[in-house]
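Colleague: I am new to this model and would like a close look at a single part of it. Please keep the answer connected.

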Number of protein chains: 2
Amino acid sequence: MLDDRKASILRAVVEEYIHTAQPVGSGHVASAPGVEVSSATVRNEMATLEHDGYLAQPHTSAGRIPTEAGYRYYVDHLAGRGSLDRASAQHVRAFFDRTHGALEQMLVDTSRLLAGLTGTAAVITGPPQEIAVVRSVQLVGITARAALLVVVLSNGAIHKATVELVGEHPEATDEDLTAATAHLRRHLEGRRLDSLASVPAPADAAVARLVAAAARTAGADGDHLYVGGTDRVAGAFDAVETVREVLGVLEQQLVVVSLLRDVLDRGLQVAIGSETGLENLAECALVLSPYEVEGEPVGTVAVLGPTRMDYVQALAAVAVVSNRLGRRLSEG
Amino acid sequence: MLDDRKASILRAVVEEYIHTAQPVGSGHVASAPGVEVSSATVRNEMATLEHDGYLAQPHTSAGRIPTEAGYRYYVDHLAGRGSLDRASAQHVRAFFDRTHGALEQMLVDTSRLLAGLTGTAAVITGPPQEIAVVRSVQLVGITARAALLVVVLSNGAIHKATVELVGEHPEATDEDLTAATAHLRRHLEGRRLDSLASVPAPADAAVARLVAAAARTAGADGDHLYVGGTDRVAGAFDAVETVREVLGVLEQQLVVVSLLRDVLDRGLQVAIGSETGLENLAECALVLSPYEVEGEPVGTVAVLGPTRMDYVQALAAVAVVSNRLGRRLSEG
DNA sequence: GGTTGGCACTCGACTCTACCGAGTGCTTGC
DNA sequence: GCAAGCACTCGGTAGAGTCGAGTGCCAACC
């Protein structure tokens, strides 16, 4: 825990650095509001803060830069939870009032909205389909050996999975498909999708094979990810290599989804640099907020930017968007 | 039309510039294979080529750089249609042998494969759903005023659209939905999706409203776009602003889809710089190739890179991938 | 004793200069 | 018509000098 003076000095350094992206000197800090001491005193304190690991010096005779620990302390203790400015808040409200149509498109648009609010890339994981209620089930034959399981969920999402029939008697007749569809419908409609895995086997052997194959696809069509504002990444880092790495990460949906899950599981709202656990994101920070539908958290809204992003702004934006998104999905 | 000597000089400049990204001087050109004259002669010829608009000089006393017209002449007359190197060809073959499962994931993976082959971003438009044959139709109620139209197509794709009921009697009962589903099924299954727009109206008024609303969604779920290798964009241009612009374009699916369609309609296989018609892509070139399923072109495979991309390589990669992709989709 | 003003020192950023070399255009000779 | 030679251009680089923001430390002060 830092005493008041050190805290306000750290805050001044972080906020100034976020603003200017330049190392911050004792002079600037001394003239910052909330710091009422001379630059000499600030220097002494900054030396201590550096020794304690909150600040770093790019080189002698340069100003200080926050370390990961510095940012961490800042978001944990110093960054007041502000709210969005009027115009942005209005913009968000208008967006959610206006938006309509398919879930997917809405999430794509939402990620772009969030990117616009924060000036960084934004990602959103779709509500997991496992917990949604099944409205309709259908097993459609595509080829003799493959069928498509299409499940319409109450939130307007569609779960689809290829059902492959392997084994000695792979062929399935249309009658088998119809029977299997009827069976699945009986045991699934009105229930949650995750009960797909535990649908009882029907009497007929051929139908049972189909149902079992369909059941195996439970969870196969994993969480979907919606990414927006990738163009902002280009401006966020000066090293091309970093830009490349970050874009590379964003292309791998699985990696990002498990990253979000992992951070959330650790109870974090903000992951800074190495806290993300991904080497490629060493210079990035992630600000996230789960969103709830009917009181239950079902997905995550997040922002991915450089470590020197505006955390207050990002936290506010992520909070508002996740809140509105959850509300929007609840009423649908 | 250029005489032989000018042509080989232009070729040398283009290929050298593609390789090094540096202005090419008369000395380099003179020592290039295929050019058997002295550098002084080359200088004279290059002056002519510059005057004719094929080359440009960044500044006096620097080498020459190809203009758009230069690249255009190069791809039209000088770039031999090479083929992929053994390893890459093998890689592509292995990919298509190995890949399986849902259409969407396969196209995502294919775009990434293509990006890997060419070192630039790659885009693929999915087969248009209009011409696919309907396997199954279902109208599922989501709320009292909205339903989801889910159509499973023979190629394994799914067409979905939100059906909104507006007007004086917006409510639809489950019976109405069932009746509408049955009606649609009768008139659609086994036919092409684009006949959705011309399904005859059923007798019952409420059902007719539903069917009409569903018919209106024809074509609403437009062509899908799959983008891969966005991270390569970062390395392709030195100006951050350009990177940002290109990424921005790639985020707008509609823009890219119509760009591809437009270029294809003009009968081009390569669009260079301003030929794309997009200001943001002034420094980009697009290399594309339609792919065919059962003899009919159904989608496009393309590569988006800097104007100084390796056109021979890109053309070969795009050709092989579109070919294999078409074959793969035909057999499915 | 904590705080502050003062001071010497450091070191990156910027400017200026000179210079090098790749490249050109032109002229002349073959 | 081609090639060799030559004067000229001009961006890029290297080195010297300067500037200034910033530091650490010390002594004085309240």
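Colleague: How do helix α7 (residues 174-188) of chain A and helix α8 (residues 205-216) of chain A lie to each other: within what distance do their axes come, and at roughly what angle do they cross?

Modeller: This is a predicted model, in which local features need pLDDT of at least 70 and side-chain atom pairs count only at pLDDT 80 or more, while totals for chains, interfaces and linings use all residues. Residues are numbered from 1 along each chain as its sequence is written, with chains lettered from A and ligands numbered from 1 in the order in which they are written.

The axes of α7(A) and α8(A) come within 9 Å and cross at roughly 55 degrees (lines fitted to C-alpha atoms over the stretch in contact, with angles from 0 to 180 degrees between N-to-C directions; helices are DSSP runs of H or I, at least four residues, numbered from the N terminus). That makes α7(A) oblique to α8(A) (under 35 degrees is roughly parallel, over 145 roughly antiparallel, 65 to 115 roughly perpendicular, and the rest oblique). From α7(A), the residues D176(A), L177(A), A179(A), A180(A), H183(A) and L184(A) meet A206(A), V207(A), L210(A), V211(A) and A214(A) of α8(A) (contact puts C-beta atoms, placed from the backbone, within 7 Å). By class, this contact has nine nonpolar residues, one polar and one charged (Ala, Val, Leu, Ile, Met, Phe, Trp, Tyr, Cys and Pro are nonpolar, Asp, Glu, Lys and Arg charged, the others, Gly among them, polar).

Beyond the helix pair, a turn of 180 degrees with a shift of 0.1 Å along the axis lays chain A on chain B with an RMSD of 0.2 Å (by least squares on C-alpha atoms of residues with pLDDT of at least 70 in both). The two copies are thus related as by a two-fold rotation axis. In chain A, the C-alpha of A234(A) is nearest that axis, at 3.6 Å. The same surface serves both copies, since 96% of the contact residues of chain A recur in chain B.

Both chains also reach the DNA. Around strand D there are 19 residues, of which G25(A), S26(A), V37(B), T41(B) and S61(B) come nearest (near means a C-beta atom, placed from the backbone, within 6 Å). The largest share of that surface, four residues, comes from α3(A). Around DNA strand C there are 20 residues, and V37(A), T41(A), S61(A), G25(B) and S26(B) come nearest. There α3(B) gives the most, with four residues.

Notes: Helices (H or I, at least four residues) and strands (E, at least two) are DSSP runs, numbered from the N terminus. Two residues are in contact if their C-beta atoms, placed from the backbone, lie within 7 Å.
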